[in-house]
Amino acid sequence: MKRHVVKLRSHSKTIALRARQCAHAKDFGAQLPARKRRQRSARIRLFSLILLACFARSASAVTLENVLRTTLEKNPAIREAKAGLEQAAGQRLVFRSVALPSVSLGVPAGLQYGHRSGETGVKGFAVGRGSLDQVLFSMAVPPSLRRGDIEMLIAQQQLNVTVVEQLHVARLAFYAALFNRSLESVREEQRQKLEENVASQKDRYQAGLANRSAFTSATIQSSEILPQIEGAHRAYQGAQLRLAQAMGIDPAKSSLPEPEGELQFVPRQLDLDSQTTVALETRGDLKLARLFVRAANEDERIIAADYYPSVGGNIHGEYVPVTGIHRQGSTSKTQDFIGSEIVERAAYTWRVVDNGKVGGAVLRARAAREVNELACRKLEENIRRELSHIANDLKAIEVREISLAAASESAEESARTVRENVANGLVSPLEYRVTQNAFLTTRSGLLDAIYQHNVAAAEWDRATGRYFQFSYNANIPR
């Protein structure tokens, strides 16, 4: 199967050609009247300024590879997702804190004064207190540890999904900019041919060789092409703006990026069965949906752990640097501090009466898990349907492109033959312009087919998860 490339002459090349033509005509300016020489000189300066502007704009030209790399580095949504990944590390610690020891330290200090059993005066005191609590057994510890690991994976896959979405948006904007710029160039060539046709029909009408309807029809055709040119230009600017937003470029501070290159048609061999298997394994949004199911399952287990007894150990110590300090509320010396002490103990708790507090929360968590499971299953079932739809579109577009490519070659050959006949005086210039306009119309259809094929190829890469992927950590249980 052939590989077709739509080659269109850019505005800068057209302007450069006109500038060279004007410069060439300047050598013969001495033979023209003074007024015409001044007009010719003004046109040359105008075309030179336009040419310099075109060269200045080309400095911001970007390729698709540069677009994707810049989007990955500077896109605001991707940066926000990366910050969310850092935040997930702290959330993971919150889940793991259930199994970690809890340590508290305190240093009560103050002044003691008054009279008791012959004691008088004011005494300063300070007491060091410390406490260590450790969970020895709890059904909430294992699911909490797993939930913390899943929280990290969720943040990674959310970053993955965001990267895929933003790269896909940037790629489509790049293709749209290339298409509308080329389409504007084709429409401009059509406008020139139609204006030449209007002038020819006007001369024929004034010479009595054609009726007024032919001149009117040519004028209407020429006026109808102007909104199409303006529409293509606005669409090109819109694609540039979307491209700048995806790349993290502020349009107020920098010029809009201009895509470099041309749209190309590259046929693709698709294996629906194997690609469906790959998509089920690599799609970031599908991985994220599965992680949400796992997270909801662990949340349910954490809540249900309150049904079971838990055992905890505690070590409490007090350090008294001086003696003779009364405890708060003591009524005799036997209750005062006599020295430092350490107390160890263990205790267990078991919820006997629930009153729906735990059971209701478990039911809500179970409902959330079932909803996530249904959404995940629906997404899995839609993958093959989505890939099948895109594959059918690609096949239909390829058939259309082959047909339009053959029609374009035939129209170009017909226009070349008519041009030779015009040179030999066998046909009129009007027939050549009509044939040339038909060729440009066919070429614009071919350009649209190539653009649609590139868009469908981008959709295929997105649907199969080929943009970007995280890998699971081997130390984290799946």
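**Close-up views of a predicted model**

**View 1. R129 stands opposite E318 in strand 9.** This view, like those that follow, is taken from a predicted model. Strand 9 covers residues 310-319 and is joined to strand 6 by nine bridges, the two strands running antiparallel. Strand 6, which spans residues 128-137, also pairs with strand 3, residues 102-106, again in the antiparallel sense and over five bridges. Within that second pairing, the residue to look for beside S102 is D133, its bridge partner in strand 6.

**View 2. Five residues, V103, L105, L132, I315 and I342, make a nonpolar patch on the surface.** The patch has an area of about 520 Å². One of its members, V103, lies in strand 3, the strand that pairs with strand 6 in the first view. V103 counts as exposed because its relative accessibility is 59%, and the limit for that word is over 50%.

**View 3. A346, in strand 10, is in contact with G312 and G313 once its neighbours within four places in sequence are left aside.** Strand 10 runs over residues 341-349. A346 and G312 are 34 residues apart in sequence, yet their C-alpha atoms are 5.7 Å apart in space. Is A346 buried or exposed? With a relative accessibility of 58%, A346 counts as exposed.

**View 4. R147 and D299 meet through their side chains in a salt bridge.** The distance from nitrogen to oxygen is 2.9 Å. This salt bridge links distant parts of the chain, since R147 belongs to helix 5 (residues 141-206) and D299 to helix 8 (residues 284-304), and the two residues are 152 apart in the chain. The partners do not fall into one accessibility class: R147 counts as buried at 10% relative accessibility, whereas D299, with a relative accessible area of 27%, is partly exposed. The reason is that buried means under 20%, while partly exposed covers the range from there up to the exposed class, which is over 50%.

**View 5. E189 forms a salt bridge with R443.** The closest nitrogen and oxygen atoms of the pair are 3.4 Å apart. Because E189 lies in helix 5 and R443 in helix 10 (residues 429-463), the pair ties together parts of the chain that are 254 residues apart in sequence. Both ends of this salt bridge can be placed by accessibility as well: E189 is buried, with a relative accessible area of 18%, and R443 also counts as buried, at 14%.

**View 6. D448 and R400 form a salt bridge between two helices.** Their closest nitrogen and oxygen atoms lie 3.0 Å apart. D448 is in helix 10 and R400 in helix 9 (residues 357-423), so that distant parts of the chain, 48 residues apart, are linked by this pair. D448 counts as partly exposed at 22% relative accessibility, and R400 is likewise partly exposed, at 36%.

**View 7. A network of salt bridges links R283, D285, E386, E459 and R462.** A reader following this view should look for these five residues as one linked group. The structure as a whole holds 20 salt bridges.

**View 8. The side chain of T282 reaches the backbone oxygen of T464.** The distance between them is 3.0 Å. T282 is found in helix 7, which covers residues 272-282. Why does T282 count as buried? Its relative accessibility is 15%, and buried means under 20%.

**View 9. The whole chain holds ten helices and ten strands.** This last view sets the earlier close-ups in their wider setting. Of the 478 residues in the chain, 37% are buried. When contacts between residues at least 6 apart in sequence are considered, 81% of them join residues at least 24 apart. The accessible surface of the chain comes to about 27,900 Å², and carbon and sulfur atoms account for 55% of that surface.

Terms used. Residues are numbered from 1 along each chain as its sequence is written. This is a predicted model: local features need pLDDT of at least 70, side-chain atom pairs count only at pLDDT 80 or more; totals for chains, interfaces and linings use all residues. Side-chain values use heavy atoms; hydrogens and water are left out. A salt bridge is a side-chain nitrogen of Lys or Arg within 4 Å of a carboxyl oxygen of Asp or Glu. Buried means under 20% relative accessible area, exposed over 50%, partly exposed in between (1.4 Å probe, protein chains only). A polar contact is a pair of N or O atoms within 3.5 Å; within protein, one must be able to donate a hydrogen and the other to accept it, and residues adjacent in sequence count only if both atoms are side-chain atoms. Two strands pair if DSSP finds at least two bridges between them. Contact means heavy atoms within 4.5 Å. Patches are made of residues with over 30% relative accessible area and no salt bridge: like charges are joined within 9 Å, nonpolar side chains (Val, Leu, Ile, Met, Phe, Trp, Tyr) within 5 Å. Accessible areas come from the Shrake-Rupley method with a 1.4 Å probe; for residues, only the protein chains shown count as cover.
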